[in-house]
Amino acid sequence: MCVTCGCGEGEVRIEGGSATGAGAPHAHLHRHADGTVHAHPHDAGDEAVHDHGHAQPHDDAHPHEHHHGHDHAHGHDHAHDHAHDHAHGHVHDHADGHDHAHAHPHTHDAQSDAAGVIGAVHAPGVDGTRRVQIERDVLAKNDALAAANRRLFAARGIFALNLVSSPGSGKTTLLVKTIEALGGRIRALVIEGDQQTSRDAERIRATGVPAVQVNTGKGCHLDADMVARALDRLDPPPGSLVLIENVGNLVCPAAFDLGEAHKVAILSVTEGDDKPIKYPDLFHAADLMLVNKVDLLPYVEFDVDAAIGWARRVQPGIGVMRVSARTGEGFDAWLAWLERGVERARARAAIVASAPDASEPAPARRHA
Amino acid sequence: MHEMSLAEGMLQLVEDGARQHAASAVKAVWLEVGSLAHVEVDALRFCFDAVARGTLAQGARLEIVATPGAAWCLPCSERVALARLGDACPNCGSHQLQVVQGEDLRVREIEIA
């Protein structure tokens, strides 16, 4: 199993790139927050975790400056009896965007219990163990990569959406019809996530719009790294609309920020109208819910108002639009919402670019 | 099952911390899990055990520090307890709630040898 890319027993594959499978040595591209990309290979079946940080040799030089000027070689052994409750978790950012926390071992008695009873002993406990603070979010790495994606979108004035739903809600058909209806007024690009096959990306490309397929192998969701790699390949132009179709799954995609402006949940009327309360995490994370396939309402027992009520229980601020990708019903509002989003993203990027102290100028496109 | 991805993220933080302190082994990990976090703790335990094999954290004890969910109730204009998403305000019954606590998933501390 590749424990670097999380490709499980299967493989993560970015269409057009090399396979990153468990069956072959494969390289991992790492994109740092500043946009530098470097790859380092690891071998097939690599059960041992290899370090993504500093233990792994890599070529690109980046400064590692530690801006706190105290050293940790304090050898005082006085026993003092006051409780130390200072939480030292120095998180400092490196220039290349990855940060790590330095927990300082003011080692306060290895026998202190989980409630944090502290004995103020500057020495290892009798059994040679000690506790150190980490205080870091488990999703910190994904969130840092998502932030880098978000910066890229912001700098280029791109409106990016993460479309989430169960399988069969009509996401791909909705995308195809949306692209057709936009009729080239806005440049759209698509990242397609599926466990396997490039069938969806092929459907999108048939409309003339660039699309990259990400196959997650055994993975159940897209993460920010997969999207970053797909963006490298897609190279979306300034002012465009990037539509990311997540893996059809109402659970896992909720936890992973990809750098999008909004998560858009799609609920079709052939599903249960109580799905928002049965799978609250995903609807809680969404800003907009599209109730799709409304042309089928006469034939199904789906109460749209009930569905909206359930969704607003978990996300009071969620917007709702009733659409049919098949008939085009409700598309005026949907397209207008997309166009407003694109206009705002463009306007923000223009303001940033024209500011005299613009700290993040729009990166030049690498391919003309 | 995204818990495998989360377990890998956890392991990376644990290993980074252990290496910084030149540890030979990680004996225990304290993980803060908010009651509204997107994670199933039993699945996470299973996955962490699996990914930690052959690493400094092999066999490490996983201590869960549960933090309760909380929300800001707009009608009440006060902070209220929220056990799970979709629940109503315990005071007024409204669902106009903004989650303010309980979505965290953090590695707090490790015990190293």
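I began with polar contacts in this predicted model. Across the interface of chain A and chain B, I found 13 residue pairs in polar contact, both residues at pLDDT 80 or more.

Next I asked which elements of chain A supply the side that touches chain B. β6 (99-103), β7 (130-137), α6 (280-285) and α7 (304-314) each give at least two residues. β7(A) gives the most, with eight residues. I then sorted the residues of that side of chain A by type and got 23 nonpolar, nine polar and ten charged.

I followed β7(A) across to chain B. Six bridges join β7(A) to strand β6 (residues 105-112) of chain B, and the two strands run antiparallel. For one register point I looked up Arg136(A), whose bridge partner in β6(B) is Val107(B).

I checked salt bridges separately. The rule finds three across the interface of chain A and chain B. One pairing that I noted is Glu109(B) with Arg131(A), whose side chains meet in a salt bridge at 2.8 Å, N to O.

Last came the extent of the interface. I counted 42 residues of chain A in contact with 38 residues of chain B. The area buried between chain A and chain B is about 3600 Å², and carbon and sulfur atoms give 55% of that. Which three residues supply the most of the area that chain A buries against chain B? I have Arg131(A), Ile134(A) and Val138(A), which supply 18% of that area, more than any other three residues. Arg131(A) is thus listed twice in my notes, here for buried area and above for the salt bridge to Glu109(B).

Note on methods. Residues numbered from 1 in each chain as written. Chains lettered and ligands numbered in written order. Predicted model: local features only at pLDDT ≥ 70, side-chain atom pairs only at ≥ 80, totals over all residues. Heavy atoms only, no water. Contact = heavy atoms within 4.5 Å. Buried area = accessible area lost by both parts, 1.4 Å probe. Salt bridge = Lys/Arg side-chain N within 4 Å of Asp/Glu carboxyl O. Polar contact = N/O pair within 3.5 Å; in protein donor to acceptor, adjacent residues only side chain to side chain. Helix = DSSP H or I, 4+ residues; strand = E, 2+ residues; numbered from the N terminus. Nonpolar A, V, L, I, M, F, W, Y, C, P; charged D, E, K, R; others polar. Pairing = 2+ DSSP bridges.
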